[in-house]
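Hi everyone, thanks for coming. I'll walk you through one protein chain today, so have a look at the picture and then we'll go through it together.

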Amino acid sequence: MVYKYLGQRIREERTKYRLTQEQLAEAAQVNESYVGQVERGEKNPSLETVVNIARSLGVTVDYLLQEEINVEPNGLINELVSLAKNKEPDELRLMLNIWRMISEYSSQLKKK
């Protein structure tokens, strides 16, 4: 987990809703200076703190924790290939099945 991405997302969400660090800190039950340190990637918050911050911002924890990825098609393909390298056939089958389930679920959500 790269904490600078976590901090960037927190700052983006906080500023999107025009919250100050003080307001977010109060809502998440942490110190104002701590929020700044997390946003700058200087502090690694506990899971409980991430949950409180996510709840305060109205976003999911997984959204805050996802790492930045290259969204260009070739970049995404390269990322997938690098994840699959050196995996056993059983692991690759599992990864493929999970991918299929996620893809099917995503398609169902789009239809709603």
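**A walk through the chain**

Let's begin at the surface: the chain exposes about 8,500 Å², and carbon and sulfur atoms supply 51% of that. Before I go on, please keep in mind that this is a predicted model.

Now, the overall build. How many helices and strands are there in the chain? There are seven helices and zero strands. If you read along the sequence, you get the pattern α-α-α-α-α-α-α. The radius of gyration is 18 Å, well over the 13 Å that the globule rule gives for 112 residues, so the chain is more spread out than a compact globule. To give you a feel for the dimensions, the C-alpha atoms fill a box of roughly 50 × 35 × 25 Å along the principal axes.

What about the inside? Of the 112 residues, 22% count as buried. And if you take the contacts with a separation of 6 or more, residues 24 or more positions apart account for 54% of them.

Okay, let's zoom in on helix 1. I'd like you to find I10, which lies in that helix. Is I10 buried or exposed? I10 counts as buried, because its relative accessibility is 2% and the cut-off for buried is under 20%. Leaving out residues up to four places away in sequence, I10 touches L24, V38, E39, I53, L57 and L64. Take one of those partners, L24: I10 and L24 are 14 residues apart in sequence, and their C-alpha atoms are 9.7 Å apart in space.

Move along to E13, which is also found in helix 1, residues 3–16. E13 is a glutamate, and it is buried, with a relative accessible area of 5%. Which residues does E13 touch, if we don't count those up to four places away in sequence? They are L57, V59 and Y63.

R14 is another helix 1 residue. R14 is buried as well, at a relative accessible area of 9%. Setting aside its neighbours within four places in sequence, R14 is in contact with L19, T20, Q21, L24, E39 and L57. You may have noticed that L57 keeps turning up: it is on the contact list of I10, on that of E13 and on that of R14.

Next, step off the end of the helix. L19 is in the loop between helix 1 and helix 2. L19 is partly exposed, with a relative accessible area of 26%. Not counting residues up to four places away in sequence, L19 touches R14 and, here it comes again, L57. L19 and L57 are 38 residues apart in sequence, yet 9.1 Å apart in space, C-alpha to C-alpha.

In that loop between helix 1 and helix 2 you will also find R18. R18 has a positive phi of about 55°, although it is not a glycine. R18 counts as exposed, because its relative accessibility is 76% and exposed means over 50%.

Where else do we see a positive phi in a residue other than glycine? Look at Q29, where phi is near 60°. Q29 sits in the loop between helix 2 and helix 3, the latter being residues 32–39. Q29 is exposed, with a relative accessible area of 68%.

One more loop residue, and then we'll get to the pocket. E67 is in the loop between helix 5 and helix 6. E67 is partly exposed, at a relative accessible area of 38%. E67 and V50 are 17 residues apart in sequence and 15 Å apart in space, again C-alpha to C-alpha.

Last stop, the pocket. The largest pocket has a volume of about 460 Å³. It is lined by 12 residues, and the closest to its centre are E79, L80, L83, M95 and W99. Which helices each supply at least two residues of the lining? Those are helix 6, residues 73–84, and helix 7, residues 89–111. Helix 7 gives the most, with six residues. As for the chemistry of the lining, 11 of its residues are nonpolar, none are polar and one is charged.

That's my tour, so over to you for questions.

Technical notes: Residues numbered from 1 in each chain as written. Predicted model: local features only at pLDDT ≥ 70, side-chain atom pairs only at ≥ 80, totals over all residues. Heavy atoms only, no water. 1 Å grid on protein atoms, 1.4 Å probe; cavity = no way out; pocket = protein on both sides within 12 Å on 5 of 7 lines; lining within 4 Å. Points joined across faces, edges and corners; volume = space filled by probe spheres on them. Helix = DSSP H or I, 4+ residues; strand = E, 2+ residues; numbered from the N terminus. Nonpolar A, V, L, I, M, F, W, Y, C, P; charged D, E, K, R; others polar. Buried < 20%, exposed > 50% of the residue type's maximum accessible area, 1.4 Å probe, protein only. Contact = heavy atoms within 4.5 Å. Rg over C-alpha atoms; globule rule 2.2 N^0.38 Å. Areas by Shrake-Rupley, 256 points an atom, 1.4 Å probe, with all protein chains shown as cover.
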